[in-house]
Amino acid sequence: MNDDGQRTFSFLQTESTPIGHHPSQALNQRHCRHAFARPNEVTTVTPPLILDIDGTLTRPQGRGLDPHVFDPLREWDAPVVLATGKATPFPVALCHFIGLPERVIAENGGVTVTEDKLTISGSRDGAEAVARGYEDAGYDLGWDGLDTINRWRETELAVAPEQPLDPLEAIATEHDLQVVDTGYAYHVTDTERSKGRALEGIAADLEIELDECVAIGDSENDVSTFERVGRSFAVANADDAARAAADEVLDGAHADGTLAVLARVG
Ligand SMILES: O=C(O)COP(=O)(O)O
Ligand SMILES: [Mg+2]
């Protein structure tokens, strides 16, 4: 653990790994082809994407991911980062099954995954204390049965959005923590933590320039990303905070809005 309370796990590639063996290497090679353009040749550089998941890659009414996003993302000619409030296994598995390199910001910035590095910032001890205080006051985290929403969380806890917010915020404040409302859950998390801050932390590893990135999102946990990238889009279903922070609010809702952006900037 370093002075910032970060735990970093690095995995260096061995020399025996064949070049182009990992899908991300193939992706990077395609991304770099612009470097070989002739001096006066006009090239369109595909921007790296920073994508929220819930509300942005999904369909309305709880119908899950929109499969129309899978092929455009797998074929995207620049790095794609999934930046979410979800616990790490969810976005990592999504990358895996789409066929993308595992480039992830999870837990609203508490965890980052790049091809050879896993970083965990802080612990969930403070959020656990808030959860116990909430339960002692007679409330419940609200996830019925086996709580897979929190089972693999390292740095925060999530409460179901049907649960009372006011007492949760009051107890979080007593512990110097904040509650982030994504529309899908109330996240009890560190006041300094955000997707955008985590993005700054992995940009060098991913060899991306933030002002070249395009971000798409739907809620207040995407504001910090929108503030740091070159171009930001809020889908039509976005909350007020995301709408206010985005460069553009899209006509299309949910994944339809995202697909419209991909068609425009790709
Ligand atoms: O986990 C949530 O509450 C929301 O996740 P998201 O950041 O992908 O929208
Ligand atoms: Mg979202």
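In what order do the nine strands of the open sheet run? This is a predicted model, and in it the order reads β1-β6-β5-β4-β3-β2-β10-β11-β12, with mixed pairing. The two ends of that row are β1 (6-10) and β12 (248-249), each with a single partner strand, so one side of each has no neighbour in the sheet.

Stepping back for a moment, the chain has nine helices and 12 strands. Of its 266 residues, 42% count as buried. Among contacts with a separation of 6 or more, 58% come from residues 24 or more positions apart.

**Inside the sheet and on top of it**

Take β2 (residues 49-51) and β3 (residues 80-83): they run parallel and are joined by three bridges. One residue to look for here is L49, whose bridge partner in β3 is V80. As background, strands of a sheet pair through backbone hydrogen bonds, either parallel or antiparallel.

Two helices that meet these strands are set out below.

| Helix | Strands it meets | Angle |
|---|---|---|
| α3 (residues 89-98) | β3, β4 (104-106), β5 (111-114) | about 155° with β4 |
| α6 (residues 195-206) | β2, β3, β4, β5, β6 (117-121) | about 20° to β5 |

So much for the overall layout; now pick out a residue in α6, namely A203. Is A203 buried or partly exposed? It has 19 other C-beta atoms within 10 Å, and buried would take 20 or more, so A203 counts as partly exposed. Leaving aside residues up to four places away in sequence, A203 touches I208 and L210. If you look towards T114, its C-alpha atom is 9.8 Å from that of A203, although the two positions lie 89 residues apart along the chain when you count from one to the other.

**Helix α5 and its two sides**

Which residues of helix α5 (residues 165-174) are buried? They are L168, I171 and A172. Looking down the helix axis, these buried residues fall within an arc of 105°, so they line one face of α5. The general background is simple: an α-helix has 3.6 residues a turn, so residues three or four places apart point the same way.

What do the buried residues of α5 pack against? Their partners are α4 (125-136), β7 (157-159), β8 (177-181) and β9 (186-190). Turn to the face of α5 that points away from the buried side and you find the exposed residues D166 and E174. Just after α5 comes D176, with a positive phi of about 60°.

Notes
Residues are numbered from 1 along each chain as its sequence is written. Chains are lettered from A and ligands numbered from 1 in the order in which they are written. This is a predicted model: local features need pLDDT of at least 70, side-chain atom pairs count only at pLDDT 80 or more; totals for chains, interfaces and linings use all residues. Two strands pair if DSSP finds at least two bridges between them. Helices (H or I, at least four residues) and strands (E, at least two) are DSSP runs, numbered from the N terminus. Two residues are in contact if their C-beta atoms, placed from the backbone, lie within 7 Å. Axes are lines fitted to C-alpha atoms, for helices over the stretch in contact, and angles run from 0 to 180 degrees between N-to-C directions. A residue is buried if 20 or more other C-beta atoms lie within 10 Å of its own, exposed if 12 or fewer, and partly exposed in between; C-beta atoms are placed from the backbone. The arc is that of the directions from the helix axis to the C-beta atoms.
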